[in-house]
Amino acid sequence: MNKEASTIEKKSRTDNSDLIQQIDFSAIPKHVAIIMDGNGRWARARSIPRIQGHRAGVKAVDEVVTCAMEIGIKVLTLYAFSMENWQRPKEEIRALMYLLKEYIIKKITVMKQKNIRFMAIGRIEELPRDIQSLLKQAEDETRQNDGLILNLALSYGGRTEIVDAVRSILKDLSGERIRIDQVDEALISSRLYTAELPDPDIMIRTSGEQRISNFLPWQSVYTELYFSPIWWPDFRRTEFLEAIINFQKRERRFGLTGEQIKTNKGKEDAF
């Protein structure tokens, strides 16, 4: 390792140490959702194939997953493949499916060892059958783990998720298993792909784009949004910790006034 690289690595370690000291471990977000954007642009800037950008993005996933475990996040949902992504060139889709398959095969044992529970949400039935089988295997073999939940959104679309929830409710209404007056927000939430998960506390999007792109629209109505200018392959531990620190500086009011939040907080502290 040359002197310059050594200096950069040392600075990175020091910066991370400083960032860790800024984390309030009593206020860690339970659920972090990430739109991993910018792999293609990262590759184009380096004049290399887009698939190399996606492969570099896998390294960022590993680092963020490890960091999430270390600081005590309960759920990490990653937008890995959207419904709209099916419109990409067939060669790129095949390459992405290969990377996904390779990742799951490599990580099943690691997830079991590190107490990670794996989940996948979306229209999983639209994925290749061998990948469907791998996803089920990963879910089954990690189901008893009670550490971080790693949740991949695959063939996922937020509006499609709501459509599927409505269809499920209509089916039960027509079969007279539920009454129309029982249809409320709680029932709809219970029919979403994320039924057993808390809503995201923070949604991170990389690459500088500032929109949620059909990602968890129902669940994110009170989610804090954090936009990073950094392309996903370069988004690592430091950037993730910075996002968490930014989140912890915000006041989440959920429709209440700031004074009400402070009063309620005081009552909680009294107990």
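These questions and answers concern the sheet and some aromatic pairs of a predicted model.

Trainee: What is the order of the strands in the open sheet of 6 strands?
Mentor: The pairing in this sheet is parallel. Its edge strands are β3 (117-121) and β6 (224-227), each of which pairs on one side only. Read across, the order is β3-β4-β2-β1-β5-β6.

Trainee: Which residue in β4 stands opposite Leu78?
Mentor: Strands β2 (residues 75-82) and β4 (residues 149-156) run parallel and are joined by 7 bridges. Opposite Leu78 stands Leu152.

Trainee: Which strands does helix α4 touch where it packs on the sheet?
Mentor: Helix α4 covers residues 90-113, and its direction makes about 160° with that of β4. The strands it touches are β2, β3 and β4.

Trainee: Why is the pair of Tyr79 and Tyr156 edge-to-face?
Mentor: The ring centres lie 5.8 Å apart, and the cut-off for a pair is 6.5 Å. Planes over 60 degrees apart count as edge-to-face. The planes of Tyr79 and Tyr156 are at 85°, so the pair is edge-to-face.

Trainee: Is Tyr79 buried or exposed?
Mentor: Buried means under 20% relative accessible area. Tyr79 has a relative accessible area of 9%, so Tyr79 is buried.

Trainee: How many residues apart are Tyr79 and Phe215?
Mentor: Their rings are stacked, with centres 4.3 Å apart and planes at 10°. Tyr79 lies in strand β2, whereas Phe215 lies in the loop between β5 (202-205) and β6. The pair therefore links distant parts of the chain, 136 residues apart.

Technical notes
Residues are numbered from 1 along each chain as its sequence is written. This is a predicted model: local features need pLDDT of at least 70, side-chain atom pairs count only at pLDDT 80 or more; totals for chains, interfaces and linings use all residues. Side-chain values use heavy atoms; hydrogens and water are left out. Two strands pair if DSSP finds at least two bridges between them. Helices (H or I, at least four residues) and strands (E, at least two) are DSSP runs, numbered from the N terminus. Contact means heavy atoms within 4.5 Å. Axes are lines fitted to C-alpha atoms, for helices over the stretch in contact, and angles run from 0 to 180 degrees between N-to-C directions. Rings of Phe, Tyr and Trp (its six-membered ring) pair if their centres lie within 6.5 Å; planes under 30 degrees apart count as stacked, over 60 as edge-to-face and the rest as tilted. Buried means under 20% relative accessible area, exposed over 50%, partly exposed in between (1.4 Å probe, protein chains only).
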